[in-house]
Amino acid sequence: MIALLGLLVALQDADDPRKEFETRAAATAANDAEARFALAEFAAKHKLWDLALPTLEKVLEASPDHKAARERLGYKRAGKEWKRDDVQGRLWRVRAAVAAGVAFPARAELDTWRRKGPSYVKAIDLVLDLDHYVAAALAVDERTGLFEGSLALKVVFEAAEGKNVPATGWGKAGKGQIDIDVKKLADYNDVIAKYDRDKRAGAEVVVPPARPEGILVHELTHCFQGGDNAGMPAWFIEGMATWCAQDGHYVAFFRHQGQTVKAITDGVREHKYVYARGWAFFEYADDKHGRDKTRAWIDAVVRKARRVDEAAAEAFGLTWDELVKEEQAWSAQWVKRYRVKP
Ligand SMILES: [Zn+2]
């Protein structure tokens, strides 16, 4: 009876890795480096990076030269010392923030959607895959500098009535919400499947569809843009999100529709062109003035609620008129030569 009870508990725990981790952690001695390491591996396997990171650090407390734990955390031997690779270290910090800070709809709700068919299963799996949020947070961090080390993100399934978008995101400093229209995302998977079939059959596809994982990067960027600045133009908001996602679909679409790069001050008449046009501005800023100045500009606008034009003039050291001219010429070339990755 007791054994059977034990089995039942184990079965339930296997369903909830976070709970199973707690059970295993309670049974692990603090100074048992190998057992701690196995625990960290269990957490990492289930993408519970917020638990894996401190557990790996505890392995090193018990056994400072534990090679596998050091390697997981991105350390390399440098003589007698261990040196940490910044890129790996940052990856772990972002992973921990994602594992601790992204909340999804309850299991029952997910299962209801999954039962609607394979396109839905694919859509749900995409939305639940924490690796996409890690990639998204890394992109936002690298490009904008707006990531502050933590996330508090709610992913909600909601139909976007009257809007032709599969997802909408908003928030401030990584605290926010991403609404997913599961039906639209599932339908979109069918579009992509058809595109893949056509391509394999040798058809020439001029405008590839937007990548669904790029949608998550795009919406996550919006979760960092909110705040006190109500005066941000659409090209700035959408351009930054599209720049972070780097999805060539938007440039291909812009070109295919015969659009030309006009001065950014002329405005973009139709919203559907604002993505590529705004993206070009960020590429220009990054290429011509460098990442540090581009981040300083973003910081001034998003965090300090400065005007986009004034902050750009200050960050890039040109008058706004000079910037507008230079950017238009640069971006016209960029849009022309940009190569969409297949
Ligand atoms: Zn957007």
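Here is a short walk through this structure, from its domains down to one helix.

The model you are looking at is predicted. Start with the whole protein chain, which is divided into three parts: domain 1 covers residues 12-84, domain 2 covers 101-226, and domain 3 covers 227-342.

Now turn to domain 2 and domain 3, whose C-alpha centres lie 23 Å apart. Where they meet, 20 residues of domain 2 are in contact with 19 residues of domain 3. On the domain 2 side, helix H9 (130-144) and helix H11 (212-222) each supply at least two of the residues that touch domain 3. H11 gives the most to this side, with five residues. What kinds of residues make up the side of domain 2 that touches domain 3? They divide into nine nonpolar, eight polar and three charged.

Next, zoom in on helix H8, which spans residues 118-128. Within H8, Tyr120, Ala123, Ile124 and Val127 are buried. Seen down the axis of H8, these buried residues fall within an arc of 95°, so they line one face of the helix. A general rule helps here: an α-helix has 3.6 residues a turn, so residues three or four places apart point the same way.

What covers the buried residues of H8? The cover includes two helices, H7 (107-114) and H10 (182-200), along with two strands, E4 (152-157) and E6 (175-180). Look next at the face of H8 turned away from its buried side, and you will find the exposed residues Pro118 and Asp125. Try turning the model so that you view H8 end on: Tyr120, Ala123, Ile124 and Val127 are the buried residues to look for, and Pro118 and Asp125 are the exposed ones on the face turned away from them.

Conventions:
Residues numbered from 1 in each chain as written. Predicted model: local features only at pLDDT ≥ 70, side-chain atom pairs only at ≥ 80, totals over all residues. Domains from an automatic or database assignment. Contact = placed C-beta atoms within 7 Å. Helix = DSSP H or I, 4+ residues; strand = E, 2+ residues; numbered from the N terminus. Nonpolar A, V, L, I, M, F, W, Y, C, P; charged D, E, K, R; others polar. Buried ≥ 20, exposed ≤ 12 C-beta atoms within 10 Å, placed from the backbone. Arc of directions from axis to C-beta.
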